[in-house]
Amino acid sequence: MARRKRWTVLAFLSPWLIGVVVFVLYPIINSLYWSFTVKRYGQPARWVGLGNYRLLLDNPDLSMALKNTAYLALIGLPIRLFIAILAAALLARPRRGNGAYRLLFYVPSVLPAVASGALFFFLLKQGGPVASLLDLFGIEAPLWFRDPDWAKPALIMVGTWALGDVMLIFLAGLVDIPRSLYEAVELDGAGRWARFRYVTLPMISPVIFFTVLTGVIGVLQSFDQAFVLSQGARKGRLTGEPDGSLLTYAMLQLRYFQDGRIGVASAMAWVMFVITLVITVALMASRRRWVHTSTESA
Amino acid sequence: MNATTESLPPSSTHRYQQPRGRRALLLVGRHSVLIGLALMFALPLVFMVLQSLMPITQAKTTALWPDSMEWGNYRTVFDRIPLATYFVNTLKVCVVATIGTVVSCVPVAYAFSHLRWRGRTAVFVLVLSTMMLPYQVLFVSQYEIFTSLGWINSILPLTVPAFFADAFSIFLLRQFFLTLPTEVMDAARIDGASEFGVLARVVVPMARPGIMAVALFQFLFSWSDFFGPNIYLADEKSLTLAVGLVRFNTALAKTGESNLTMAASVVFVLPILVVFFFAQKVFIEGVTLTGTKG
């Protein structure tokens with residue numbers, strides 16, 4: 001009986017087991033090995049030790065890509081999360097019309113990144129709708145995706161527009177807060193801000209943790225929108241126009257891949273993996289300090 | 001979301017505590033923020049549709065409203081690029097990948113939720129940890145596998161991996177399976193049903209909304225995916241909508257025919273919006289489930 005059960009479990013797990021070996025473990029080990037070699041597809045790899053990593057270290061494009069990624073994570077992500085919490089808080093109590101608002105706020109996030117990228121490229125172009133609207137108020141619109149100083153803020157706008165899924169996750173968290181907690185602090189005479197600060201914020205801190213973690217990982221891998229908005233591959237090169245201000249880490253790695261420099265692309269993949277790991281571990285470690293672990297009541 | 005309605009503070013208790021004027025002010029404030037947000041979310045979509053209907057002479061000006069509705073733009077797009085072919089290619093990838101995801105993830109999620117075995121938690125943590133793995137680490141080597149199999153320029157690299165259970169779908173399905181009552185499953189087991197029988201005849205029918213959510217997310221992912229098709233598909237005739245659209249837009253960025261790029265975007269986006277409209281509950285429940293801890 002026990003033996004038959006073991007086989008049942010194995011059979012049920014088999015799709016994942018096979019997949020994880022073929023499509024995850026083998027590629028991981030392979031790319032780790034390749035990262036220490038000079039490698040082109042169809043050719044044997046030649047060992048160069050830390051050569052690829054050293055090459056990356058003094059590559060100005062890499063520091064540019066890392067800076068861009070940090071900008072998007074440190075400025076873009078907080079803006080996105082703040083507006084998502086605000087929208088969720090406004091819609092948390094059941095009121096007439098909230099369902100329609102919720103639906104409307106969520107819709108942009110189901111659009112493919114490629115489509116929202118194309119849409120904002122049009123919206124923000126010279127003489128486009130946004131420029132016309134700003135003109136009504138006598139404001140001269142910046143050149144957005146043609147200006148290195150404005151390209152990243154514009155990219156952040158696209159990400160902020162598509163915050164609907166994050167908002168829904170916050171909404172679920174807010175709705176789960178037991179009302180008795182609010183009643184308790186209200187008896188103590190807590191005002192609106194105190195209620196938010198001492199009940200809402202601690203209660204949704206696990207959700208904030210989750211969205212920060214997935215958000216940072218998402219930013220690290222971001223590619224589609226930046227690719228579309230820098231007008232894709234200029235003359236076949238992934239440069240992150242204008243002037244590299246939209247060059248993301250994933251874009252640079254793809255460039256090495258397309259140039260057939262598999263060793264360097266593998267090294268970049270591994271650096272990315274390590275960065276992801278460090279950030280995850282750091283966030284996990286910080287959790288005790290700011291994430292409230294709910295007791296049985298929740 | 002209905003069940004949670006009761007857990008919210010009754011608004012009547014607040015109402016008489018607050019002075020009337022302040023209450024009105026808060027109401028106005030709340031609504032103006034909501035309306036502002038609504039405009040922010042809706043206007044881009046409105047501009048997309050309006051632009052897609054503009055005559056070309058007007059598309060190059062700063063006009064916001066089309067002088068005449070130029071439905072012919074949509075025909076022009078279909079004439080300029082093989083949109084119908086892209087559409088069929090995309091649909092093929094989506095349908096096959098969705099079937100693969102459902103067929104492979106349901107048994108795995110079942111093993112992680114309703115079968116008891118040693119090391120279950122540890123292995124599940126392993127599943128979750130693969131979710132953190134950047135695709136960038138994997139595709140460099142996967143590309144060589146698919147090249148040696150001769151799969152480049154076909155939909156196989158985009159569909160076959162789906163038959164081997166991805167971590168996100170397993171996670172989502174497991175969350176859903178855990179909410180199901182175990183009594184019914186135990187009853188079926190006592191009646192002599194095998195674990196496969198329990199899964200097929202008891203769990204799957206009960207878990208239909210969860211399975212729908214996973215299927216929809218996979219479908220949406222495959223529909224939207226740009227990175228994968230961009231590497232694996234080179235031949236013009238094999239492209240998916242996402243890649244075809246980007247190439248079309250890049251080509252048209254120089255001519256300024258934004259009416260056509262927006263028309264192509266509408267064609268790309270419309271099926272998603274239609275599916276979303278009919279299945280919004282499934283979507284919303286699915287996303288909500290993502291954020292809850294198991």
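**Chain B and its contact with chain A**

Me: How many helices and strands are there in chain B?
Reply: The model considered here is predicted. Its chain B holds no strands, the count being zero, while the helices of chain B number 16.

Me: Why is chain B described as more spread out than a compact globule?
Reply: For 294 residues the globule rule gives 19 Å. The C-alpha trace of chain B spans about 75 × 75 × 35 Å along its principal axes. Chain B is more spread out than a compact globule because its radius of gyration is well over the rule's value, at 25 Å.

Me: What share of the contacts in chain B with a separation of 6 or more comes from residues 24 or more positions apart?
Reply: Of the 294 residues in chain B, 40% count as buried. Among contacts with a separation of 6 or more, the share from residues 24 or more positions apart is 73%.

Me: How far apart are the end C-alpha atoms of helix H14 of chain B?
Reply: Helix H14 (residues 241-252) has twelve residues, so at 1.5 Å a residue it should span 16 Å. The computed distance between its end C-alpha atoms agrees, at 16 Å.

Me: Which helices of chain A help to cover the buried residues of H14(B)?
Reply: The buried residues of H14(B) include Leu241(B), Val243(B) and Phe248(B). Their cover includes helices H5 (83-113), H12 (208-224), H13 (227-232) and H15 (258-278) of chain B. From chain A it includes helix H5 (113-123) and helix H11 (224-229).

Me: Which helix gives the most to the side of chain A that touches chain B?
Reply: The contact takes 75 residues from chain A and 74 residues from chain B. With 16 residues, the helix of chain A that gives the most is H1 (residues 2-34).

How values were computed:
Residues are numbered from 1 along each chain as its sequence is written. Chains are lettered from A and ligands numbered from 1 in the order in which they are written. This is a predicted model: local features need pLDDT of at least 70, side-chain atom pairs count only at pLDDT 80 or more; totals for chains, interfaces and linings use all residues. Two residues are in contact if their C-beta atoms, placed from the backbone, lie within 7 Å. Helices (H or I, at least four residues) and strands (E, at least two) are DSSP runs, numbered from the N terminus. The expected span of a helix is 1.5 Å times one less than its number of residues. A residue is buried if 20 or more other C-beta atoms lie within 10 Å of its own, exposed if 12 or fewer, and partly exposed in between; C-beta atoms are placed from the backbone. The radius of gyration is taken over C-alpha atoms; the globule rule is 2.2 Å times the number of residues to the power 0.38.
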